[in-house]
Amino acid sequence: MVLGVSRSAYFLVDGRMAELVQNGKTRLWREVMLFENVSESATFTGAYNEERPSGKPKELIAGAALSRCLFVEVPNSKLGALTMTDPAIALMLARMATKRYALTEQLYTASRAAPIARVAAVLNYLAETTRRNAIKPREDGVLVMTTTEELVASGPSQADIADALCLGRATVEKAIAELRQVKALRSFQPGERANRCYPIADRELLRQISLGG
């Protein structure tokens, strides 16, 4: 999947992706995120057909789709014209740029925070409400299949999180185990999907841990 960032702005409106920025670091993003004027072109590999754009490697920004991603592409010329005629669009873009900068500073810059706090912050950012099948007893005691909603951070592997935070994979594994132990993350039941999936048991506790509490 190739995004010609120099020609268009791309709005990630659904999905999870890992971006490899020019300094060689990884950043994990969820919707809604704007990718605009980053380089001459950008290459995002994943469960898609790849196209290798021409150009020098230093002109490329590589990434990986961590789930099925949906982008909205707007030509830069069109977006520029809209910002000149509609202050609301200009304000929206400014807020999105500010959000990206703030998340970069909060999640991915060098930090003295404990690894468990940094991992908790990333998982809290990626978490969203999802639905899953569950077996629950009715009032008469009969077990029935139903659906339930819960918060889940999904998409990145533990290796992806380690790369994004510049931590060792064993350190990230230990932090996630500790988050499950203190009941910030839910432990998996037999037969549940466990790969690239982190169910949130207590988001407020997860947030407190991310702040160092």
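# A tour of the predicted model

Start by selecting leucine 167, which sits in the loop between H4 and H5. Keep in mind throughout that this is a predicted model. Show the surroundings of leucine 167: leaving out residues up to four places away in sequence, leucine 167 touches Pro115, Arg118, Ala162 and Val172. Take one of these partners, arginine 118. Leucine 167 and arginine 118 are 49 residues apart in sequence, yet their C-alpha atoms are 9.8 Å apart in space.

**The helices on either side of the loop**

Now select helix H4 (residues 158-165) and helix H5 (residues 169-181). Two packed helices are described by the angle between their axes and the distance between the axes. Here the axes come within 8 Å and cross at roughly 110°. Angles of 65 to 115 degrees count as roughly perpendicular, so H4 is roughly perpendicular to H5. The crossing of these two helices is right-handed. To see what fills the contact, show the side chains of Gln158, Ala159, Ile161 and Ala162 in H4, then those of Arg169, Val172, Glu173 and Ile176 in H5. Sorted by class, the H4 and H5 contact holds five nonpolar, one polar and two charged residues.

Stay in H4 and pick glutamine 158, which belongs to that helix. Which residues is glutamine 158 in contact with, leaving aside its neighbours within four places in sequence? They are Arg169, Val172, Glu173, Ile176 and Tyr198. Next, draw a distance from the C-alpha of glutamine 158 to the C-alpha of cysteine 197: the value is 9.6 Å, for two residues 39 apart in sequence.

**A backbone detail after H5**

Follow the chain out of H5 to lysine 183, in the loop between H5 and strand E11 (197-199). Most residues other than glycine have a negative phi, and most peptide bonds are trans. Lysine 183 is not a glycine, but its phi is positive, at about 70°.

**H3 and H6**

Select helix H3 (residues 115-126) together with helix H6 (residues 203-210). Their axes come within 7 Å and cross at roughly 135°. This angle makes H3 oblique to H6. H3 passes H6 in a left-handed crossing. On the H3 side, show Ile116, Ala117, Ala120, Ala121, Leu123 and Asn124; on the H6 side, show Arg203, Leu206, Arg207, Ile209 and Ser210. By class, the residues of this contact are seven nonpolar, two polar and two charged.

**The sheet**

Hide the helices and select strands E5, E2 and E8. They form an open sheet of three strands in the order E5-E2-E8, with antiparallel pairing. The edge strands are E5 (33-35) and E8 (70-75), each of which pairs on one side only. Look along the sheet for its twist, which averages 25° from one strand to the next.

Zoom in on strand E2 (residues 8-14) and E8, whose antiparallel pairing runs over six bridges. Within this stretch, find tyrosine 10, which stands opposite glutamate 73 in E8.

Keep tyrosine 10 selected and turn to its ring. A search of the whole structure finds two aromatic pairs. In one of them, the rings of tyrosine 10 and phenylalanine 71 have centres 6.4 Å apart and planes at 85°, so this pair is edge-to-face. The pair links distant parts of the chain, with tyrosine 10 in strand E2 and phenylalanine 71 in strand E8, 61 residues apart.

Before leaving this part of the chain, select valine 32, in the loop between strand E4 (26-30) and E5. Is the peptide bond from glutamate 31 to valine 32 cis or trans? The bond is cis, with omega near -5°.

**From the sheet to H1 and H2**

Bring back helix H1 (residues 76-85), which lies across E2 and E8 and runs at about 75° to E8. Then add helix H2 (residues 87-108), which packs against H1 at an angle of about 115°, with the axes 5 Å apart. Show Leu79, Leu82, Thr83 and Thr85 in H1, and the residues they meet in H2: Pro87, Ile89, Ala90 and Leu93. The contact of H1 with H2 has six nonpolar, two polar and no charged residues.

Technical notes:
Residues are numbered from 1 along each chain as its sequence is written. This is a predicted model: local features need pLDDT of at least 70, side-chain atom pairs count only at pLDDT 80 or more; totals for chains, interfaces and linings use all residues. Side-chain values use heavy atoms; hydrogens and water are left out. Two strands pair if DSSP finds at least two bridges between them. Helices (H or I, at least four residues) and strands (E, at least two) are DSSP runs, numbered from the N terminus. Axes are lines fitted to C-alpha atoms, for helices over the stretch in contact, and angles run from 0 to 180 degrees between N-to-C directions. Contact means heavy atoms within 4.5 Å. Angles under 35 degrees count as roughly parallel, over 145 as roughly antiparallel, 65 to 115 as roughly perpendicular and the rest as oblique. A crossing is left-handed if the near helix is turned anticlockwise from the far one by less than a right angle, and right-handed if clockwise. Ala, Val, Leu, Ile, Met, Phe, Trp, Tyr, Cys and Pro count as nonpolar, Asp, Glu, Lys and Arg as charged, and the others, Gly among them, as polar. Rings of Phe, Tyr and Trp (its six-membered ring) pair if their centres lie within 6.5 Å; planes under 30 degrees apart count as stacked, over 60 as edge-to-face and the rest as tilted.
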